[in-house]
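Let's take a walk through this protein model, one region at a time. Keep the 3D view open and turn it as you read.

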Amino acid sequence: MRIVVALGGNALLRRGEPMTADAQRANVRAAAPMLAALAREHQLVLTHGNGPQVGLLALQGAAYAGGEPFPLDVLGAQTEGMIGYVIEQELGNLLPEQTPLATILTMIEVDPADPAFGDPTKFVGPVYDLDQAKQLAADKGWTVKPDGDRWRRVVPSPEPKRIFEIRPIRWLIERDVVVICGGGGGVPTMYAPGGRTLTGVEAVIDKDFAGELLAREVDADLFVMATDVDAVYLDWGTDRQRRLGQVTPGELSPQAFAAGSMGPKVAAAVRFVEHTGRRAAIGSLARIEDVVHGRAGTQVVAAGTATEGAG
C-alpha cells in the first residue's frame with residue numbers, strides 16, 4: 001500500500017518534557033522501529049507536527065535584542081529541516097542501507113481571505129500558567145487560550161489549498177523513496193495581491209488537514225494519524241466515554257470533538273474518506289502496524305464498506 005502517516009506531537013516531544021534536541025531525538029528513536037517496519041512493506045510518506053518547536057524558536061528569537069524575531073513561515077521552514085533530519089537519520093539507521101529517504105521543504109498555499117486570520121486557534125509553543133500567559137500576551141502581543149488546564153499561544157490556522165512541491169514528492173514516491181514532507185502543516189504561503197509573487201504568512205497550517213491534502217494528492221491507499229491515544233472516544237474524560245472502532249463519516253460528522261486536539265483529526269479523516277472512498281485511521285503510534293491493518297485504532301471507512309457499528 002501507499003500510506004501517508006501524520007505523526008502527532010508524542011513522536012517528537014511529549015507534554016511537559018524539556019524542549020531539547022536530546023529529548024526530541026529520543027522520542028523519534030523510540031518511534032523509528034514502528035515506522036521502519038511499515039517502510040519495509042509499504043510505500044511510506046511521513047508528515048509531522050511542529051508546534052512546540054516553532055514556539056521555542058519564536059521565544060529564542062524574541063530574546064535576541066539585535067533585531068526582529070523571524071516570522072512563523074520562516075520558523076516553519078526551519079523546523080521542517082530540523083525534524084526531517086532527525087526522522088530521516090533515525091529511520092535510516094534501521095532500514096537497509098540502500099533504502100532512499102528524502103526530506104522535502106514543502107510550501108502550501110493558503111487563502112488571504114481565510115476566516116482563520118480573524119480567529120487564531122492553533123496552539124504553538126510550550127504551556128504556561130495563567131499569570132505567565134497573560135504577561136506574555138501583554139509583552140509580545142500574543143493571543144493566548146487555554147489548552148487543558150494550562151495556557152498556550154495561538155496563531156491563525158488557515159486551510160491548506162495547494163502543495164507547491166507535489167510533483168517532486170510524487171516523483172520520489174514512484175521511485176520508492178521514503179518521503180518526509182509537509183512538516184508542521186507545511187510552510188504557509190500566499191500570492192501577493194495583483195501578481196504571482198509568493199510570500200510567507202504569519203500562520204501555522206494544521207498538520208492533519210495538510211496531511212489529508214497530501215494523502216489525496218499522492219493517491220494514498222490509507223491515511224493514518226498517529227497520536228498518543230489508542231482511538232477516538234465519544235464523551236472523552238467522562239464516565240460515559242466510548243471507544244470508536246470502525247465508523248463511517250456519516251456517523252462521525254455529527255459528533256463534537258475538542259477543536260485543539262481530536263477535532264481536526266476527525267475532520268481530516270472524514271474529509272479523506274469522503275473525497276476518496278478509501279480508509280483513514282486514528283490510533284496509537286505504539287500500535288501503528290495494527291492500526292494500518294485495521295486491528296486497532298478508529299477506522300474511518302466509506303459507508304458501503306463498513307462491516308460493523310461505530311462502537
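## A pocket to start with

The second largest pocket has a volume of about 200 Å³. Its lining is made up of 15 residues, and those closest to the centre are T20, A21, Q24, Q53 and M82. Bear in mind as you look around that this is a predicted model.

Which helices help to build that lining? Three of them, α1 (21-41), α2 (51-62) and α3, each chip in at least two residues. The largest share comes from α1, with 5 residues.

## From the pocket to the sheet

Helix α3 is a handy link to the next region. This helix covers residues 72-92 and lies across β10 and β11, running at about 135° to β10.

Those two strands belong to an open sheet of 4 strands with mixed pairing, and the order is β8-β4-β10-β11. At the edges you'll find β8 (162-163) and β11 (198-200); each has a single partner strand, so one side of each is left without a neighbour in the sheet.

## Strand β10 and its partners

Now zoom in on β10, residues 187-191. On one side, β10 pairs with β11 in the antiparallel sense, over 3 bridges. Here T189 stands opposite G200, and Y191 has L198 as its bridge partner. The hairpin of β10 and β11 has 6 residues between the strands, and G194 in this hairpin takes a positive phi near 80°.

Strand β4 (residues 107-109) also pairs with β10, but this time the strands run parallel, again joined by 3 bridges. In this pairing, I108 of β4 has P188 of β10 as its bridge partner.

So is β10 buried or exposed? Buried: 5 of its 5 residues are, so the strand is largely enclosed by the rest of the structure. Both faces are covered, with V187, T189 and Y191 buried on one side and P188 and M190 buried on the other.

## Helix α6, tucked away

Next, hop along the chain to helix α6 (residues 207-217). Of its 11 residues, 9 are buried, so this helix too is largely enclosed by the rest of the structure. You might like to pick out some of the buried ones, including charged-letter residues K207, D208 and E212 as well as F209, L213 and L214.

Have a look at the two ends as well. D206 caps the N-terminal end of α6, with a side-chain oxygen 2.8 Å from the backbone nitrogen of D208. Just after the helix, D219 takes a positive phi of about 60°.

Definitions and conventions: Residues are numbered from 1 along each chain as its sequence is written. This is a predicted model: local features need pLDDT of at least 70, side-chain atom pairs count only at pLDDT 80 or more; totals for chains, interfaces and linings use all residues. Side-chain values use heavy atoms; hydrogens and water are left out. Two strands pair if DSSP finds at least two bridges between them. Contact means heavy atoms within 4.5 Å. Axes are lines fitted to C-alpha atoms, for helices over the stretch in contact, and angles run from 0 to 180 degrees between N-to-C directions. Buried means under 20% relative accessible area, exposed over 50%, partly exposed in between (1.4 Å probe, protein chains only). A polar contact is a pair of N or O atoms within 3.5 Å; within protein, one must be able to donate a hydrogen and the other to accept it, and residues adjacent in sequence count only if both atoms are side-chain atoms. On a 1 Å grid over the protein atoms alone, a cavity is a set of points where a 1.4 Å probe fits but cannot get out, and a pocket is an open set with protein on both sides within 12 Å along at least five of seven lines; lining residues have an atom within 4 Å of a point. Grid points are joined across faces, edges and corners, and a volume is the space filled by probe spheres set on the points.
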